[in-house]
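Biologist: Thanks for sitting down with me. Could you walk me through this model, one question at a time?

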Amino acid sequence: MDKQSRLELLTETLAENHFKLSPVGLDFIRYALQNEESEQARLGDRDQQPVYVQNYPFELQMLPLFLSHAKSQEWGQVAVDLFSLYKKLVQELARQDPVRLAQYFKSDCDEDLLTLFEGDTGLDYCLARGDFMSTAEGFKLLEFNVSGNLGGWGIYLFEGMYRAQPLIKRFMEGSGQTFSTYGPLNEMVTHILRVSAVYRRRLGFADPRLHVGVFVEQPARLAEAEDMIARIKRQLLSQSSLAIDFTCCTHADDLMLEEGAVFTKQGRLDSMLLFGRPQLLPEFVHQLSQQGRFPIFNTRSSTILGQKSGLSLLSEHAQSPQASDEERQLINKHLPWTRLVRPGTIVYQGVEQELLELLLQRQDGFVIKPIDGLQGREVSVGNRLDAASWRAVVDQALARPGQYIAQELCVAERLLARNPAGAFEEHDVIWAPFVFGGQFAGSCARTSPSNNETGVINAHRGATDAITFLTA
């Protein structure tokens, strides 16, 4: 495609969308469109990179995104406020109305749901990532991911390769701007160490060295995890005087109960970062955690908040007389209307009607998702299906009450980016701020061509991870 044809792709609306995120971002996309090499530009060879870069499982968006520091902080605060409110509502239900709690969430282990919310739940320090979309109506939450194995942070491992790419390097050097990143990896490790130290002091352990366990569910990725931990440790030691040990393990048998603490063959652990399912840990580890003796990132109770049914709880709160004006405003501004799919009536835009009737009449305005779905599986976007297929999706959801949610469709403010073939076209973007404890901890982004067949933006469904550079 020639230069003029490429420049014509940048419509006034797309230019405005780039500008709203960062004026520098608009300058960059214009610069890229003016350069013929932009369609063939590639990052450097991964073969000489560390194992975790060589084995990175997702495709990368060749063109970086740009976001102003102010916009990054604004969006991060929205994620913090929504997740804090969400945790508060769940904790209140666990104390006051366990029957209603069970209408939204299900236990994914042998323990009763309410039992998981006894003692120290780990909600105060858990790791989470919100998936948001920037729309004409505002910054909208699509879901929360709550686990120790949150995806997306790995894109910042490629920062050096992006900065060294000739097209990007020339733009940065000639822009007169300073570019930074705010990836969550260092924030996550710092958060884990901070929480671990608090628990250790409370328990009176005298050892000056922190011992963090890393449980890796897939043994095949153990070498990758160890390589990553070595990098983290080197970086932390250059920034801090903390003495830190990381111990990787892959089986429940690697963990032992001794003297009221968790041990491996290498010694006692202060905490556990879990790259896998909580139910794989021995029961005594969970018991110590609920007793307030051993923080797990994340606990069984906190991972339950990753069930999408919780978005219905949050959305319904906006219509509750118990909601404050501030809470109601926060939800209405940043959460699309969401309800569990089950027979009965709902109130939508002030009108009471059957949920079935609403979903069939407004097919183009809704998405249906399983409450515990992963990797974009079984997500059905109404405007991508014919009427018969949509009716089948709705009927299937109604046949399993409470196992799916219906959520208003959000329409992204599109950006111009490169598709996997290298051509420029309009893309939808998922912006994903991380929340560790009660703090914003950086963000990641994923892009997908706006005309993709399913309308689902997920790395396992062809979306590309995009690095975000922050600007003034």
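**Strands, cavities and a few unusual residues**

Modeller: Happy to, and let's begin with a pair of residues: Met133 has Lys140 as its bridge partner in β3. Keep in mind that this is a predicted model.

Biologist: Good start. How many residues lie between β2 and β3 in their hairpin?

Modeller: Strand β2 covers residues 127–135 and runs antiparallel to β3, with 7 bridges joining them. The two strands form a hairpin, and the number of residues between them is 2.

Biologist: And how many of the 8 residues of β3 are buried?

Modeller: Strand β3 spans residues 138–145 and is mostly covered. Buried here means under 20% relative accessible area. Of the 8 residues in β3, the number that are buried is 7.

Biologist: Let's move to the sheets. Which strands stand at the edges of the sheet that holds β14 and β16?

Modeller: That is an open sheet of 4 strands with antiparallel pairing, in the order β11-β16-β14-β15. An edge strand has a single partner, so one side of it is left without a neighbour in the sheet. The strands in that position are β11 (338–340) and β15 (380–381).

Biologist: Within that sheet, which residue of β16 is the bridge partner of Ile368?

Modeller: Strand β14 (residues 366–370) and strand β16 (residues 404–408) run antiparallel and are joined by 5 bridges. The partner of Ile368 in β16 is Ala406.

Biologist: There is also a sheet with β6, β7 and β8. Which residue in β8 is the bridge partner of Thr264?

Modeller: Those 3 strands form an open antiparallel sheet in the order β6-β7-β8. Both β6 and β8 (267–268) are edge strands with a single partner each, so each has one side without a neighbour in the sheet. Strands β7 and β8 pair over 2 bridges, and the partner of Thr264 in β8 is Gly267.

Biologist: I noticed the loop between β6 and β7. Is Glu259 buried or exposed there?

Modeller: Glu259 lies in the loop between β6 (256–258) and β7 (261–264). Its phi is positive, about 55°, although it is not a glycine. The cut-off for exposed is over 50% relative accessible area; with 74%, Glu259 is therefore exposed.

Biologist: Where does Gln349 lie?

Modeller: Gln349 also has a positive phi of about 55° without being a glycine. At 55% relative accessibility, it counts as exposed. Its place is in the loop between β12 (345–348) and β13 (351–354).

Biologist: What is the omega of the peptide bond from Phe297 to Asn298?

Modeller: Asn298 sits in the loop between β10 (296–297) and α13. The bond from Phe297 to Asn298 is cis, and its omega is near 10°.

Biologist: Now the interior. What is the volume of the largest cavity?

Modeller: The model has 5 cavities of 30 Å³ or more. The largest cavity is lined by 14 residues, with His18, Gly25, Pro64, Leu65 and Phe66 nearest its centre. Elements giving two or more residues to that lining are α2 (12–21), α3 (23–34), β1 (65–68) and β17 (415–418). The volume of the largest cavity is about 110 Å³.

Biologist: How many of its lining residues are charged?

Modeller: The lining of the largest cavity has 11 nonpolar residues and 3 polar ones. The number of charged residues in it is none.

Biologist: Which element gives the most to the lining of the second largest cavity?

Modeller: The second largest cavity holds about 70 Å³ of space, and its lining includes Leu116, Asp120, His286 and Arg300. By class, that lining has 1 nonpolar, 6 polar and 2 charged residues. The element that gives the most, with 3 residues, is α12.

Biologist: One last residue, Arg446. Which side chain makes a polar contact with the Arg446 side chain?

Modeller: Arg446 lies in strand β19 (residues 439–449) and, at 13% relative accessibility, counts as buried. Beyond its neighbours within four places in sequence, Arg446 is in contact with residues including Phe58, Arg129, Asp428 and Asp465. The polar contact of its side chain, at 2.7 Å, is with the side chain of Asp465.

Conventions. Residues are numbered from 1 along each chain as its sequence is written. This is a predicted model: local features need pLDDT of at least 70, side-chain atom pairs count only at pLDDT 80 or more; totals for chains, interfaces and linings use all residues. Side-chain values use heavy atoms; hydrogens and water are left out. On a 1 Å grid over the protein atoms alone, a cavity is a set of points where a 1.4 Å probe fits but cannot get out, and a pocket is an open set with protein on both sides within 12 Å along at least five of seven lines; lining residues have an atom within 4 Å of a point. Grid points are joined across faces, edges and corners, and a volume is the space filled by probe spheres set on the points. Ala, Val, Leu, Ile, Met, Phe, Trp, Tyr, Cys and Pro count as nonpolar, Asp, Glu, Lys and Arg as charged, and the others, Gly among them, as polar. Buried means under 20% relative accessible area, exposed over 50%, partly exposed in between (1.4 Å probe, protein chains only). Contact means heavy atoms within 4.5 Å. A polar contact is a pair of N or O atoms within 3.5 Å; within protein, one must be able to donate a hydrogen and the other to accept it, and residues adjacent in sequence count only if both atoms are side-chain atoms. Two strands pair if DSSP finds at least two bridges between them.
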